[in-house]
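Reader: I would like a close look at a single part of this model, namely how two of its helices pack. Please set that part in the context of the whole chain afterwards.

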Amino acid sequence: MRSVQDALTGEIFEEYAVLSVDELSRLCAVDRTYIVELVEEGVLSVATVEAERWRFTGTALRRARTALRLQRDLEINLPGVALALELMEELDALRRELQSMRR
């Protein structure tokens, strides 16, 4: 049986948070080369480049974690992950639009 001390812990990130490649890879528990592959495939967008280093927004953390789950759980390759994420986001946007029309 789990005790109160065994509760899950996590970090909360705002959409406007700025992360480096190393921070993003640490938070996703992946090697930094995986983050580079996500950028090269178009799954992640670099928010800014400061001193020749990539910076990502908090949204990239959510996208990277979702991409990782899609690859791990469904064994989808990176081009498939990029397409799946695009379709998932389009579906979310359509749902929000429908919800706003109902009000």
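Author: Start with the handedness: α3 and α4 cross in a right-handed sense. The model is a predicted one. The two helices pack at an angle of about 125°. Their axes lie 10 Å apart. At that angle, α3 is oblique to α4. The reason is the cut-off: angles over 145 degrees count as roughly antiparallel, and 65 to 115 as roughly perpendicular, so the rest, outside the roughly parallel range under 35, are oblique.

Now the residues that form the contact. From α3 come Arg 62, Arg 63, Thr 66, Ala 67, Leu 70 and Gln 71. From α4 come Leu 78, Val 81, Ala 84, Leu 85, Met 88 and Glu 89.

Two of these residues lead elsewhere in the chain. Take Leu 78. Its C-alpha atom is 8.3 Å from that of Glu 37, although the two residues are 41 apart along the chain. Glu 37 belongs to helix α2. Its relative accessible area is 37%, so Glu 37 is partly exposed.

Arg 63 is the other. Leu 44 touches Arg 63. Setting aside residues up to four places away in sequence, Leu 44 also touches Leu 24, Ile 35, Leu 38, Val 39, Phe 56, Ala 60 and Ala 64.

That brings in the nonpolar core. The largest one has 24 residues. Leu 24, Ile 35, Leu 38, Leu 44 and Phe 56 touch the most other members. Each of α1 (21-28), α2 (32-41), α3 (58-74) and α4 (78-102) supplies at least two residues of this core. The largest share, six residues, comes from α3.

The strands deserve a look too. Arg 55 sits in strand β3, which spans residues 53-57. Arg 55 is buried, because its relative accessible area is 19% and the limit for buried is under 20%. Beyond its neighbours within four places in sequence, Arg 55 is in contact with Val 18, Leu 19, Ser 20, Val 46, Ala 47, Thr 48 and Glu 50.

Last, the whole chain. It has four helices and three strands. From the N terminus, their order is β-α-α-β-β-α-α. Of its 103 residues, 30% count as buried. The chain exposes about 7800 Å², with 52% of that supplied by carbon and sulfur atoms. Among contacts between residues at least 6 apart in sequence, 49% join residues at least 24 apart.

Conventions
Residues are numbered from 1 along each chain as its sequence is written. This is a predicted model: local features need pLDDT of at least 70, side-chain atom pairs count only at pLDDT 80 or more; totals for chains, interfaces and linings use all residues. Side-chain values use heavy atoms; hydrogens and water are left out. Buried means under 20% relative accessible area, exposed over 50%, partly exposed in between (1.4 Å probe, protein chains only). Contact means heavy atoms within 4.5 Å. Accessible areas come from the Shrake-Rupley method with a 1.4 Å probe; for residues, only the protein chains shown count as cover. A nonpolar core is a set of buried Ala, Val, Leu, Ile, Met, Phe, Trp, Tyr and Cys residues joined through side-chain atoms within 4.5 Å. Axes are lines fitted to C-alpha atoms, for helices over the stretch in contact, and angles run from 0 to 180 degrees between N-to-C directions. A crossing is left-handed if the near helix is turned anticlockwise from the far one by less than a right angle, and right-handed if clockwise.
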